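Good morning, and thank you for making time for this presentation. Please take a moment with the sequence and the structure before I turn to the details.

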Amino acid sequence: MFSREYSVTTKYGYEKNIYSVYVNYAKYISKLNISIDTQEWRLKHIRGFLSYIKSKKIKDIEPMDVYDYFRSIENLSVKTKEHRAVCLRLFLNYLYENEYIKFSGYNVFPKIKCSKEASMPSYYTDKEIKLIVNSVNNKARNGKRDLAIILLFAKFGLRPRDVKELEFKNISWSDNTLRIVQSKTNWINILPFDNDVRYALLDYIKNERPLSDLEYVFLKNSYENYNDHFYYNVINKYIKLSKININSRRHGPYIFRHSKAISLLKDGNGINTIANILGHSTTENAKVYLKLNYNDLKKTSLEVPIWNR
């Protein structure tokens with residue numbers, strides 16, 4: 001992990017002391033009881049700040065540097081800025097507790113107010129999801145790979161890392177099921193798949209997958225699998241090809257996850273069922289979909305006419 005991050009940091013031109021602290025922080029959070037996805041999510045936002053102050057030494061960081069950084073990203077979405085504030089507060093607390101700096105994250109961010117509007121995830125209708133799937137040409141270059149990936153996202157609402165780390169041992173061809181170890185919770189989900197998924201996977205594996213001894217299903221070449229950003233690019237490509245009007249909606253892999261939740265909810269499934277299917281650790285994490293469904297119903301509701309006797 002750290003050798004990969006080193007290539008990133010040297011590209012940004014960090015000072016040696018900054019890189020050393022970054023690596024130590026990465027090691028520190030790797031020992032916490034949080035998923036790999038959450039670890040990388042924190043580090044991604046920390047890298048944004050470190051790139052901004054790359055000419056400084058860690059011990060010279062001041063609260064004004066943090067404020068100036070947030071002024072420099074004011075055009076980002078409210079949700080992204082909230083994420084960065086949360087991650088940066090944790091990082092600054094770590095620096096303070098280890099006596100790198102003289103102020104804590106709570107000195108800079110006493111309270112981070114989350115916007116209700118910003119916390120609402122984007123989703124697409126069943127019809128729009130079908131248009132995205134149908135925009136994949138499995139006869140084009142990498143089309144077999146892309147169709148298999150899109151179907152896994154669309155049918156199951158998987159997290160990107162769940163697809164990235166899918167191995168042959170997770171697929172049971174005899175009873176058409178996937179055995180997914182959820183990347184965020186480490187829970188095991190047994191998911192039945194239909195013939196569309198079966199044939200798409202087999203077509204890719206037999207006709208397009210690079211020859212390799214690796215167990216990962218989706219490979220960039222014979223010795224490595226794809227990184228997380230690759231899956232964003234694939235999804236974004238076919239959303240554009242589908243010519244769906246995305247408006248202000250997001251257009252990465254998680255839109256399938258949110259859309260799957262709404263589809264399940266509209267089919268009459270309870271929040272417990274949805275949380276189990278999507279691999280949420282608690283039902284609280286899935287309750288945001290209730291808000292989405294309620295807002296959608298409000299948009300399509302009709303005024304009740306007054307009955308005059």
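I shall go through the overall composition, the nonpolar cores, the salt bridges, the surface and the backbone, in that order.

Please keep in mind throughout that this is a predicted model. The protein has 309 residues, of which 46% count as buried. Its secondary structure amounts to 14 helices and five strands. If we take contacts between residues at least 6 apart in sequence, 59% of them join residues at least 24 apart. The accessible surface is about 18000 Å², and carbon and sulfur atoms account for 51% of that area.

Let me turn to the interior. In soluble globular proteins, nonpolar side chains tend to be buried together. The largest nonpolar core here consists of 38 residues. Which residues have the most contacts inside this core? They are Leu152, Phe218 and Phe256. Two or more residues each are given by α7, α8, β2, α10, α11 and α12. Helix α8, spanning 143–156, provides the largest share, with nine residues.

Phe218 deserves a closer look. Leaving aside residues up to four places away in sequence, Phe218 touches, among others, Ile149, Leu152, Val163, Leu166 and Leu201. Its partners also include Arg145, Asn225 and Tyr231. Apart from the largest core lies another one, of 31 residues, with Ile18, Ile53, Ile61 and Phe70 among them.

I now come to the charged side chains. How many salt bridges does the structure hold? There are 13 salt bridges. Two of them connect helices α8 and α10. In one, Asp203 pairs with Lys144, with the closest N and O atoms 3.4 Å apart. Asp203 belongs to α10 and Lys144 to α8, so this pair ties together parts that are 59 residues apart in sequence. In the other, Asp196 and Lys155 meet at 3.8 Å, N to O. Here again the residues lie in α10 and α8 respectively, so the pair ties together parts 41 residues apart in sequence. Asp196 is partly exposed at 46% relative accessibility, and Lys155 is partly exposed at 27%.

A further salt bridge joins the side chains of Lys56 and Asp65, at 2.8 Å from N to O. Lys56 counts as partly exposed, at 26% relative accessibility, whereas Asp65 counts as buried, at 12%. There is also a network of salt bridges linking Glu40, Arg161, Lys164, Glu165 and Asp228.

On polar contacts, I would mention Arg71, which sits in helix α4, residues 63–72. Its side chain makes a polar contact of 2.4 Å with the side chain of Asp68. Arg71 counts as partly exposed, at 49% relative accessibility.

At the surface, Val181, Ile188 and Ile190 make a nonpolar patch of about 260 Å². Ile190 is part of strand β3, residues 188–192. Is Ile190 buried or exposed? Ile190 is exposed, because its relative accessible area is 53% and the cut-off for exposed is over 50%.

Finally, the backbone. Most residues other than glycine have a negative phi. Glu99 has a positive phi, near 60 degrees, and lies in the loop between α5 and α6. Glu99 is exposed, at 73% relative accessibility. Asn142 likewise has a positive phi, near 65 degrees. Asn142 is located in the loop between α7 and α8 and is partly exposed, with a relative accessible area of 23%.

Thank you for your attention.

How values were computed. Residues are numbered from 1 along each chain as its sequence is written. This is a predicted model: local features need pLDDT of at least 70, side-chain atom pairs count only at pLDDT 80 or more; totals for chains, interfaces and linings use all residues. Side-chain values use heavy atoms; hydrogens and water are left out. A nonpolar core is a set of buried Ala, Val, Leu, Ile, Met, Phe, Trp, Tyr and Cys residues joined through side-chain atoms within 4.5 Å. Buried means under 20% relative accessible area, exposed over 50%, partly exposed in between (1.4 Å probe, protein chains only). Helices (H or I, at least four residues) and strands (E, at least two) are DSSP runs, numbered from the N terminus. Contact means heavy atoms within 4.5 Å. A polar contact is a pair of N or O atoms within 3.5 Å; within protein, one must be able to donate a hydrogen and the other to accept it, and residues adjacent in sequence count only if both atoms are side-chain atoms. Patches are made of residues with over 30% relative accessible area and no salt bridge: like charges are joined within 9 Å, nonpolar side chains (Val, Leu, Ile, Met, Phe, Trp, Tyr) within 5 Å. Accessible areas come from the Shrake-Rupley method with a 1.4 Å probe; for residues, only the protein chains shown count as cover. A salt bridge is a side-chain nitrogen of Lys or Arg within 4 Å of a carboxyl oxygen of Asp or Glu.
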